[in-house]
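Student: I have a model open and a few things to ask about it. Can we go through it together?
Tutor: Go ahead.

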Amino acid sequence: MGKNGFRLSTLDVVLMGLGAAMYAVFAAVTYFIPIAGMSLRPAIAIVTFFGAAFGPHVGFVAGAIGNLLCDFTWGEFWWEWDVGVGIIGLISGLWWLKNKGNYEKGIDYAMAAILSVIGSFVGCFFAGFVDVAMGVPFEVAIYAWAFPGAASDAIFGLILTPALLKAYQAFKLR
Amino acid sequence: MKAIEIKGLSFRYVESEVFALKNVDLVVNEGEKLLILGPSGCGKTTLLRCINGLIPHRYRGELLGTVKVFGENVAETPIHKISLKVGTVLQDPESQFVGISVEEDVAFGLENLRFSREEMRRLVAESLSVVGLTGMEQRAPHEMSGGQKQKVALAGVLAMRPSVILFDEPLANLDPASADEILDFMDMLNKEYGKTIVIVEHRFEQVLEKGVDKIAVMSDGRVVAYGTPEDIMERADLLVKTGIRLPLYAEVAYQLKKRGLWEGPLPLSVEETASRLKGSVRARIEGKLGVPPEKPDRKPILEFRDVHYVYPTGVKAIRGVDLKIYPGEVVALMGPNGAGKSTLSLLSIGILKPTRGRVLVDGVDTRDATVAQLARTVGIIFQNPNHMLFKNSVEEEIAFGPKNLGYSEEEIERFVEQAMQICDLKRYSGRHPLSLSMGERKRVCIAAALSMNPRLLFFDEPTVGQDHRHSEAFMSYIKRLREKGYTIVIITHNVNLAIEYCQRAIIMVDGKIIADGPTQKVLADEPLLKKARLKPTSITRLMKALNLPPLAITSQDLQTLLIKS
Amino acid sequence: MLVSFKYIHGDSLIHRLDVRTKLFMVFAYLVMALSLLDMRVLAILFVSSAMLWPLAKTPMKEVGKLLIPMLIFIAFFSFATNAFYPGIAGKPYHIVYQWGWIKISLEALIYSATVALRYLAIFPAATVFIMTTHPTKMSVALAKLKIPYKLAYVMNIALRYLPTLALDYEIIKNAQRARGFEMDRPQGGLVGRLKAALPVMIPMVMDSINRAELIADAMDLRCFGVYKDRTWYHDLKFTKTDYIVCTILLIGVITCILLRLFVLKRLWVPV
C-alpha cells in the first residue's frame, strides 16, 4: 500500500482473473466427490489458496468474481454469496500481510489453514445473514444454507490450502 | 540511423546471484533484420526485456550500461513511450492473446493508451488486413489455431505502429507451415514496411531460409559472435560448441569439411550445397536405403479396427482408423493440430471408448477393460510436465501410478527403482518434483509412466519449446527405452526428429490416416506432407537437388553416403 | 464446453437494455421488495418482475426449470419456519388453529406468505439479468460505473481464460487417469477422499501461476495500467429506452419508500 492507496499490479489483476476462472471451472466439475452421501465442493480451496499465496485483495476478488461466474452458469444471481466467497478469500489472505506469501515455517501453514476455516464461517454466515435480512427464513438461510456451506468450505480449506501452498513453495524454486 | 544501441550492458535479476547478461555491446541499424541465436538460459530473453523496457521497469535487479532505442535511454523512458517504438511478439500464443475476441485483443494496447474509438477501429482494421485476418474480428481465441493466435498477437503489436518489432522464440509452439507463415510476415514487415526486426530463436535453419541481415550468437550472457550469415557460418565450431544446431545441409558440409572433402565456407542454402557438391561427389545409393523395415509376424500390441470417435460436443475426431502397432516398433504419429492424434492416444488407454469399431490392446477390447487395467500395458507421457506433477517428492510421484493400479508393495518398489534408474533420477528421489528444472521434470514424467510397467509408450510432443541440447538429452532417454525393447509412439510436428528416431511414420489428417509406412519414404513425400502442414527436411530437398532419389534420412546418413561414394 | 453460461442469445427489449440499466433493475427490485411487508404491493411487484420473462423472450422451459423448485422451496420453508411463531409479526394476533402446543395465528400465516412473496418478487429480475447479459459486457459496464478499470478487467481475464482452463482441466484429468487415478472414485479413507481433488488441482493451479506471469508480461508490454483511465473498444450506449426504464424504476422505488414511511408502515393483514 502506497500513499496513493492500493496499487494493483498487472500480475495481481491476472491472478485474480485466473483464480476466479479456475474456481468456476472446479465448481462446475467437482460437485460430486462422494463423502458419506454428501456432495462437497473442493473448489473453495482455490480461493483460500489465492488469498494465502497472493494476498487478501487477490483472494477477495478471485472469490467474488469466481462465484459471480458460477451465477452466470446457474442462471441465478446471489450477490450476497459472491461477497461471501470473496470474504473467505479475504480472511484466508490475512497472514499474507505478515509473510508476503512466503510459506517456510509450520506456523505459516497453520495460520493459513486456521484463517481459511475462520474465513469459511465468516463468509458463509455473512451471506446467510444478508439472506435473513432479505426475508429468507432464518432456519433456511442459516441452518440449511450457511452452516453446511461453511462446514464444507472449512474442511476443504483446512486440508487443501496447506497442500497447495506447499506445492507453490516448491514451484517458486523452479 | 541506429535503431537500437546497446553499450556495456549487464543485468542481474534481484532474486539471482549471477548476472544474466554480461557486458553486451550490440547495434541494430534501422531497417535491419537481426537474428539472435543461443541456447536456453543464454540471456537472449533478458536482452529483449532490456530493449522493450520490461527491464528495468517491471523486473527489478542490478543494471549496468545503457540501452538506447532511437537515441532514447530505455531505463529513463516510461514503458508506454517505448512501446510506441518497440513492439514485442512473445513465444506462447495463448498467453499473449488477452482479449475476448480478435478485435478486442488487437485494440488492447490502444485502449490502454487512451486512443479514441474511431482511431481504434481504423487501426484494428488496418493491422488485421496486414496479417490477413480480416473477417475474423469477432472470433474467440479458443476458436483459433496457434498460428492464427500468433498472427493476432502480431496485429496487436502492429496497431501501435512501432518501428522495431522484437520476436521472442515466435516459432516454438507452431507447426512447420504456421512457422513459415510467421517468418513470411516478418520478411514482409521488414522489406515492405521498413520495420527493424529482431528475432530470438534457436531454430536456425528455418529463420535462415527466409534470410537475415545480421546474426548475433549468445552464450552464457555474452555475445560471442556477431556478423553476417556468411561470417557466422565460418565459425561453425563455435555454433556447435554453443549448442546450436546447424542447418541440416550445413551439418553435412561441416562433417565433410572435417574430412577434407569440403573446401571453403559452409553453405547457406540447400541450393548452394547442391551446386558445390554436384561436381565433386557422385553418390550411389541404390540398394542399401529405401528398404522398408522388416514386417514383424508377431501379434500386434495395439490394434484399431475401423475406429470412429465422436466427442460429446459432436466433433468427429476419428473417422475410420485401421492400425496395427507391433511390439518393439518406434512410430512417429504426425499431422496438423486437431487431426486426432491425441484422441488416438486416449483411445489406446481406454480413457475414451470408440463410438464405433474396436480398439484392442494386447488382444483385449478396451471396452471390456478399465483405464487402470489398460495402464498396465499403455503409458502416455503428456506434453506439459506441469499437467501431471503434484506429489511432495519425486519418489512418491513415481509411485503414484503403480499404487493406483494395485500392484503389490514389492512390485511397486521394484518398478519405482527401475524407473528412477532408467531416467537417472536416483539423486533427486527426495526432491519436490515442482522444484526441478524443465528437463528434469519431463524425466520425472517418463519415470511416472514407466513405473506402471507398460510396454507401449505414447510421447506427446516430447521436445516442443526446448533447444537443441535439451531435446537431444531428452531423446537420449527415448533411445534408451527403444533399446530396452519398449514399443514407442511419438506424436510430433518435427519431421527431422521423426526421421532420426522412428522407422515408421503415420500421418493423420481430419481423423483419418492418410499415410503409413517407412519413415524414409513417407516423410519424403512433399505433397503428402503439405496436407499435414509439414514439409520435407532440407536433407530430402538436397538429395533431390543432387538428382539422388529423395529420401527422408538424417544428415548423418547422407554424409556417410557421400563419404563412401 | 465444460462451463456454459446461462446467457440466452436473443434480441429483445431486455437484451437491448444497457447493462447498467439491468443492474439498476436488480437493485431497484431489491429495495422495493425489502421496503414493504404488504402482500398487495409485493404481488404487483412480483407480477411486474415476472413480466420481464416474456419481455426477454425467455423460453418457458427455462423459466419453469428455475421457478418451480424455487417456488416450492421458498414456500415450504417460509411456512415451516414462520407459521409456528404466532407472535412473529407482533401483537395482537389471532389464533386460527390450535393442536396441543402448536398454535398457528392468522398473522403468522400472512407473514409467511408475505416473506415468500418478497423473495419471489426479486427472483425474476435477477434471473433475467443473468440470462440477457452476455458476461463480456460486464467489464465495460463495471468500468462505466466508475469501478477502477483494473478491477473491471479482472472480469475480462476471467472470461478470456475460462475456456482455456476448462481445456487444461480436461487434459490434466486425462493425464492423471492415465496413471490409474479416478477423481470420482477416490481411494483411501476420509482424508484420502477429501484430498481427491489435489492430483488435478495442484497441476492446474501451478500451471496457471506460470501462465499468469506470461500474461502479465504480455499485458505490461502493451501498456496495461500506465494511465489512471483507459478507453474501451466496445461501447455501451444509454438509449431513450434506458432512460424510460430507469425513470419508471426510480419512481417505483420512491413510491415504495414513501408508502412504507407514511402509509403501509407494518404487515398488511386482510380482514
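Student: Which side chain meets B:Arg161 in a salt bridge?
Tutor: That of B:Glu126, with N and O 2.9 Å apart. A salt bridge here is a side-chain nitrogen of Lys or Arg within 4 Å of a carboxyl oxygen of Asp or Glu. Before going on: this is a predicted model, in which local features need pLDDT of at least 70 and side-chain atom pairs count only at pLDDT 80 or more, while totals for chains, interfaces and linings use all residues. Residues are numbered from 1 along each chain as its sequence is written, chains are lettered from A and ligands numbered from 1 in the order in which they are written, and side-chain values use heavy atoms, with hydrogens and water left out.

Student: Where do B:Arg161 and B:Glu126 sit in the chain?
Tutor: They are 35 residues apart and link distant parts of the chain. B:Arg161 is in the loop between helix 7 (146-158) and strand 7 (164-168) of chain B, and B:Glu126 is in helix 6 (residues 117-130). Helices (H or I, at least four residues) and strands (E, at least two) are DSSP runs, numbered from the N terminus.

Student: How accessible are B:Arg161 and B:Glu126?
Tutor: B:Arg161 is partly exposed at 48% relative accessibility, and B:Glu126 is partly exposed at 35%. Buried means under 20% relative accessible area, exposed over 50%, and partly exposed in between (1.4 Å probe, protein chains only).

Student: What does B:Lys151 pair with?
Tutor: B:Glu181, in a salt bridge of 2.8 Å from N to O. This pair also links distant parts of the chain: B:Lys151 is in helix 7 and B:Glu181 in helix 8 (residues 176-191), 30 residues apart. B:Lys151 counts as buried at 12%, whereas B:Glu181 is partly exposed at 29%.

Student: And which residue does B:Lys191 bridge to?
Tutor: B:Asp187, with the closest N and O atoms 3.0 Å apart. The two are 4 residues apart in helix 8 of chain B, so about one helical turn separates them. B:Lys191 is exposed at 60%, but B:Asp187 is buried at 17%. Elsewhere, shared partners join B:Asp180, B:Glu205, B:Glu209, B:Lys535 and B:Arg541 into one network of salt bridges.

Student: How many salt bridges over all chains?
Tutor: A search of the whole structure finds 48.

Student: Switching to cysteines. How many disulfides?
Tutor: The search finds 0 over all chains, a disulfide being a pair of cysteine sulfur atoms within 2.5 Å.

Student: Why does A:Cys70 not form a bond to another cysteine?
Tutor: Because the closest cysteine sulfur, in A:Cys124, is 13 Å away, too far for a bond. A:Cys70 is buried, at 2% relative accessibility. B:Cys423 is also too far from a partner, since its closest cysteine sulfur, in B:Cys445, is 9.9 Å away. B:Cys423 is buried too, at 1%.

Student: Now chain C. What is in it?
Tutor: Chain C has 11 helices and 2 strands. Its radius of gyration is 25 Å, well over the 18 Å that the globule rule gives for 271 residues, so chain C is more spread out than a compact globule. That radius is taken over C-alpha atoms, and the rule is 2.2 Å times the number of residues to the power 0.38.

Student: How is chain C divided into domains?
Tutor: Domain 1 covers 13-133 + 238-263 and domain 2 covers 141-221; the bounds come from an automatic or database domain assignment. Their centres, taken over C-alpha atoms, are 37 Å apart.

Student: What share of chain C counts as buried?
Tutor: 54% of its 271 residues.
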